[in-house]
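Visitor: Please pick a single part of this molecule and look at it closely. Start with the whole, then show me what surrounds that part.

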Amino acid sequence: MTEPSARPAASNGATQPPAADRLRDMLRTPGYLKVLVFSALIGVPVSLAAFWFLVALHELENAVWADLPQALGWDTPPWWWPLPLLPVAGVIVGLVVTHLPGAGGHIPASGLHAGGATSLALPGVIIAAVASLPLGATLGPEAPLIALGGGLALLFRDLVRAPATPQSNALLGAAGAAAAIAAIFGNPLIAGVLLIEVAGVGGPQLFAVLLPALLASGVGDLVFTGFGRWTGLDTGSLTVKFPEPPSRLDTGDVAWSILMAVAIGVLMHLVFAGGRLTAAFVAAHTVRRTVVCAAAAGACGALYALITDRSPVDVASSGQDTLTTMAADPQAWGVGALIAVLVFKAAAYSLCLGSLRGGPIFPALFLGGAAGLLLAPLPGLGVVPGVAAGMAAAAAGALRLPVSSVVLVVLILGNSATIPVVIIAAVVAFVTAELLPPGPSIPPRAPRRREGGEGAAAKV
């Protein structure tokens, strides 16, 4: 019996794996090569725009939550500080959703989106983010950055009158988004991995999206680094450094990480289910109910501060700066404060996910880190492995992107000792969240005339 022709002769080269053929043909296509060059070029202006956007958010947040209270005679914001701020955010976001194209970006409770951004939606995205994030929304800046980068890339494409096709829209949108979010996590690799997994592509399409995204994010990181040093301004990228290096993992670290990941996976599933219920509630009477939900999120921060005598910033913020200070001084948080911040921040997070505009990553990381720190005194579980596993579990349970969650936490923590528990926790939390009932869905938003019938982006 003769063996089937498993491998053709090298001389004829007539049959190669179809995927390899398609990839090779695509790389030889002048149109795709132009996309690569254009992706590198747009990395510069998109990164500059993202840099100043993040600087503006950072400076506004400092002005609202640090400079203004100190000017009025308080060292830290008083307990009632979020109460007037978040309703203002609710009014502005509600008006943006009802009157501007793009509705201020996608609803955070629906997860991260790989595309759907247009140049027409950019004003609404920027206004909604500037209203939400500095005024105390429990959300992060990554989703507005994705929309900003993708929209600007398509805008630059239109300005140079390059041909517009569905394929070029997807590639340039991913490249622009990667360039915009490269520095917010402190590493351009996260941008590429995150957008690959968000896009949900595979095979040759994986490389088609990967190459422009990585190229643009690498250029974007260079621009961020050089421009930040030149100006001396800070965009507030997330890095978490512990005062002591982690010890070697043992059986207790692994066992507790698995149990903790199951609990955190359930918690994040419930938080996002609450966010989708909030979005459905807001959809009926957008402005009025957005204000109600935003005010309720502000009340969560106020009650937390009133009960714990800590700053309401712990709840009424993305958690980026608070997570950094928590890792630097874990002993400053008592058990009561950790329980309170988990309860009130989870509630505020759920309300903001369905009513305001921003990204879901930073609050999830904070909740996971706080849960890990709370459970760290368990026998056999250390502080660093507990926080690392908690962050990975919360990110995977919230985003449903396990690979991105692992890469994100490993690169943020900057150590390799905790990689095993990070991977285990991310996988366990992801599986746990996926096996739970899906819960409520967000009602579709009717397209507005000014949007030209643009549909909503696909949910991750």
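Guide: Contact means that heavy atoms lie within 4.5 Å of each other. Residues 24 or more positions apart account for 82% of the protein's contacts with a separation of 6 or more. This is a predicted model: local features need pLDDT of at least 70, side-chain atom pairs count only at pLDDT 80 or more, and totals for chains, interfaces and linings use all residues. Residues are numbered from 1 along each chain as its sequence is written, and side-chain values use heavy atoms, with hydrogens and water left out.

Take the overall build next. The secondary structure comes to 16 helices and zero strands. Both are DSSP runs, numbered from the N terminus: helices are H or I with at least four residues, strands are E with at least two. Of the 460 residues, 51% count as buried. Buried means under 20% relative accessible area, exposed means over 50%, and partly exposed lies in between (1.4 Å probe, protein chains only).

Now the close look, at helix H16. It has 17 residues, 419-435. At 1.5 Å a residue, H16 should span 24 Å, and its end C-alpha atoms are indeed 24 Å apart. The expected span is 1.5 Å times one less than the number of residues.

Which residues of H16 are buried? They are Val421, Val422, Ala425, Ala426, Ala429, Thr432 and Ala433. These residues cover an arc of only 140° around the axis, so they sit on the same side of H16. The arc is taken from the directions from the helix axis to the C-beta atoms. The cover over the buried residues of H16 includes helix H9 (251-284), helix H14 (383-399) and helix H15 (402-413).

H16 also takes part in a salt bridge. That term means a side-chain nitrogen of Lys or Arg within 4 Å of a carboxyl oxygen of Asp or Glu. A search of the whole structure finds two of them. In one, Arg400 pairs with Glu434, with the closest N and O atoms 3.2 Å apart. Arg400 lies in the loop between H14 and H15, and Glu434 in helix H16, so the pair ties together parts that are 34 residues apart in sequence. Arg400 is partly exposed, at 23% relative accessible area. Glu434 is also partly exposed, at 42%. Another salt bridge joins Asp314 and Arg310, whose closest N and O atoms are 3.1 Å apart. Asp314 counts as buried at 7% relative accessibility. Arg310, with 26%, is partly exposed.

Next, step into H14, one of the helices that cover H16. Ala398 has its place in helix H14. Is Ala398 buried or exposed? Its relative accessible area is 7%, so Ala398 is buried. Leaving aside its neighbours within four places in sequence, Ala398 is in contact with Met268, Phe272, Tyr349 and Ala364. Ala398 and Val266 are 132 residues apart in sequence, but 9.9 Å apart in space, C-alpha to C-alpha.

Two other helices deserve a stop. Helix H13 has 15 residues, 361-375. Its expected span of 21 Å agrees with the 21 Å between its end C-alpha atoms. H13 is mostly covered, with 13 of its 15 residues buried. Then comes helix H12 (residues 335-355), which holds Ser350. Ser350 is buried, with a relative accessible area of 11%. Apart from neighbours within four places in sequence, Ser350 is in contact with Val271, Gly274, Gly275 and Thr278. Ser350 and Pro360 are ten residues apart in sequence and 9.8 Å apart in space, C-alpha to C-alpha.

Finish on the outside. The protein exposes about 19500 Å², and carbon and sulfur atoms supply 67% of it. Accessible areas come from the Shrake-Rupley method with a 1.4 Å probe; for residues, only the protein chains shown count as cover.

To return to H16: its buried residues lie on the same side, and its Glu434 forms a salt bridge with Arg400.
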